[in-house]
Amino acid sequence: DEVELTRWLSFSSAHFATSRPVQVARGVPAERIVVGGFSQGGLIATRAALSFPDAPLGGCLALSTFFGDERATVASANERLRLLVAHGLADAVVPPDEARRIERCVRAVAPSAEVRLRLYDGMGHSTCAAEVEDIRTFLAKMVDGQGTKETSLPPPPLAGALRSMKASELKQYLQRRGVSVSDCFERSDLLARALESANKDGAEL
């Protein structure tokens, strides 16, 4: 309910506020920190990122999620937040219109924010190869500023996304990275090859 959601938002924002200095102490600049979440986690991540007051963050991923109350706290440090909103058009859990609403609401409360909306045909309340590629591109641009450097690493964490893909999506994922699938005859073969490829690239699984 609304009370429980508010409690979760407060708890998660407080947790993020205390964990961020730890990352900085480890040598991670604030502009290289990206927060994100799926479903209700995406709501929490979006609001925590917008309201984070200490420094501009690298960006936020709002995956198959919603925005809740149209009102939101926006810190001056993150009024230009880079936000990727990704949603499946076949999502039967969180309607695709919620993604469009996130875009509208964020533009209303933070007009200077950089909001990118991506919708995927046939994707339900899950993920797909095209979404993974869009996340990779989003993170690459955050890492090098323009996305012009060679960036072959898939976005972390990746194992869950790969395991939820259909055989055709795994095949497409591998082919985009130049990995041979000629000897993969079952979905399990494709999944094993995808996980192996990501691990060799040094991705966080």
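Let's begin with Ser-64, which counts as buried at 0% relative accessibility. This serine belongs to a predicted model, and the protein around it has seven helices and four strands. Two serines, Ser-64 and Ser-39, make a good way into the structure, and the whole protein follows after them.

**Ser-64**
- You can find Ser-64 in the loop between strand E2 (59–63) and strand E3 (82–88).
- The backbone of Ser-64 has a phi near 50 degrees, which is a positive value in a residue other than glycine.

**Ser-39**
- Look for Ser-39 in the loop between strand E1 (34–38) and helix H2 (40–51).
- Is Ser-39 buried or exposed? Its relative accessible area is 18%, so Ser-39 is buried, because the word applies under 20%.
- Ser-39 has a positive phi too, near 60 degrees, and this residue is again one other than glycine.

**The order of the elements**
- Starting at the N terminus, try tracing the elements in the order α-β-α-β-β-α-β-α-α-α-α.
- That path takes you through the seven helices and four strands of the protein.

**The protein as a whole**
- How much of the protein is buried? Of its 205 residues, 44% are buried.
- Among contacts with a separation of 6 or more, 63% are between residues 24 or more positions apart.
- The protein exposes about 10,700 Å², and carbon and sulfur atoms supply 51% of that area.

Conventions:
Residues numbered from 1 in each chain as written. Predicted model: local features only at pLDDT ≥ 70, side-chain atom pairs only at ≥ 80, totals over all residues. Heavy atoms only, no water. Buried < 20%, exposed > 50% of the residue type's maximum accessible area, 1.4 Å probe, protein only. Contact = heavy atoms within 4.5 Å. Areas by Shrake-Rupley, 256 points an atom, 1.4 Å probe, with all protein chains shown as cover.
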